[in-house]
Amino acid sequence: MSIAKSHPPVKTTVGAQYICFDKPDTNGEFTTEYDTDVLKIPNVTTLDVSDKGANDVDYASGFPYDTDNDVKSIEIKQTQIARDPMLLAKMKGYSVNGGIVIGKSVTVRPFFAYGIPIIRKGGVYTFRWYPKCKLTDSTDKTETSEESHKSMTDDDTILAMPFNDAGDLFVEVNTDSEDTAGITEDKFFAKPILTAADAQALKA
């Protein structure tokens, strides 16, 4: 038995966010059929991703024996330096007509696919699609200008849910593998990716 060394490249920055709205059925349910246009928005300053679910520990003879991890969803919190108010209104399910928005107290928020690349040292990338998401929370804070520069940011919270009967939550590609050679950011985010076969087809 030998020791295999691993030296993963460190993260250098978060990339642009990608958003593509799902086309719901007549009952407003998720379909995996998406708009033809994918929005690329290079405005993300921080990204915080966490699993949501139960983590149970089984004990035996007074010690932990096994664990049961049941991830139901993934919470994505992002901070952005600029925001499109029309896009936010659409994500909230508001009435949008040209440049006019009517905010509502009760809405049905649309499903969308959320994509994000993580850039690592040495030109290594992690590309990830969350195919079934909804916006769950957002902030809108504006401050007065001052003599010195001040960046104003807003926060969004997105919930990624299982997008198929298998309970899959996301599809990810890491470019530091020979198996993913040829997969670029433009290829991966051209449309939402839902299967490993879809991702592997991008190598061509």
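Helices and strands are taken as DSSP runs, numbered from the N terminus, with at least four residues for a helix and at least two for a strand. On that basis the predicted model follows the pattern β-β-β-β-β-α-β-β-β-β-β-β-α-α along the sequence. The count comes to 3 helices and 11 strands.

Confidence was examined next. The mean pLDDT of the protein is 91. A score of at least 70 is reached by 100% of the residues. Among the elements, strand β2 has the highest mean, at 98. Strand β5 has the lowest, at 86.

The overall dimensions were computed from the C-alpha atoms. Along the principal axes they fill a box of roughly 65 × 40 × 40 Å. The accessible surface comes to about 13000 Å². Carbon and sulfur atoms hold 50% of that surface. Of the 204 residues, 33% are buried. Among contacts with a separation of 6 or more, 59% join residues 24 or more positions apart. The charged side chains comprise 22 positive and 32 negative ones. The centres of these two sets lie 3 Å apart.

In soluble globular proteins, nonpolar side chains tend to be buried together. In this model, the largest nonpolar core has 20 residues. Ile19, Phe112 and Tyr114 have the most contacts inside this core. Six elements each supply at least two of its residues: β2 (17-21), β5 (63-80), α1 (85-91), β8 (112-120), β9 (124-138) and β10 (154-160). Strand β8 gives the most, with 4 residues. Apart from this core lies another, of 19 residues. Its members include Phe111, Val171, Phe189 and Ala199.

Tyr114 was followed in detail. Neighbours within four places in sequence are left aside here and in the contact lists below. Tyr114 is in contact with Gln17, Tyr18 and Ile19. Further contacts of Tyr114 are Leu47, Ile76, Gln78, Arg128, Trp129, Tyr130, Cys133 and Ile158.

Glu75 is placed in strand β5. Its relative accessibility is 18%, and the cut-off for burial is under 20%. Glu75 therefore counts as buried. The contacts of Glu75 include Asp48, Val49, Ser50 and Lys52. Thr157 and Ile158 also touch Glu75. Ile158 thus recurs, being in contact with both Glu75 and Tyr114.

Two loop residues complete the survey. Thr32 lies in the loop between β2 and β3 (39-41). The phi of Thr32 is near 70°, a positive value in a residue other than glycine. With a relative accessible area of 31%, Thr32 is partly exposed. Phe170 is found in the loop between β10 and β11 (171-174). Phe170 has a relative accessibility of 36%. Partly exposed residues lie between the limits of 20% and 50%, so Phe170 falls in that class. Phe170 is in contact with Ile74, Arg128, Trp129, Tyr130, Pro131 and Phe163. Arg128, Trp129 and Tyr130 are also in contact with Tyr114. Lys132 is 38 residues from Phe170 along the chain. The C-alpha atoms of Phe170 and Lys132 are separated by 8.5 Å.

Definitions and conventions
Residues are numbered from 1 along each chain as its sequence is written. This is a predicted model: local features need pLDDT of at least 70, side-chain atom pairs count only at pLDDT 80 or more; totals for chains, interfaces and linings use all residues. Side-chain values use heavy atoms; hydrogens and water are left out. A nonpolar core is a set of buried Ala, Val, Leu, Ile, Met, Phe, Trp, Tyr and Cys residues joined through side-chain atoms within 4.5 Å. Buried means under 20% relative accessible area, exposed over 50%, partly exposed in between (1.4 Å probe, protein chains only). Contact means heavy atoms within 4.5 Å. pLDDT is the predictor's confidence in each residue, from 0 to 100. Accessible areas come from the Shrake-Rupley method with a 1.4 Å probe; for residues, only the protein chains shown count as cover. Lys and Arg count as positive and Asp and Glu as negative; His and the chain ends are not counted. The place of a charge is taken as NZ of Lys, CZ of Arg, CG of Asp or CD of Glu.
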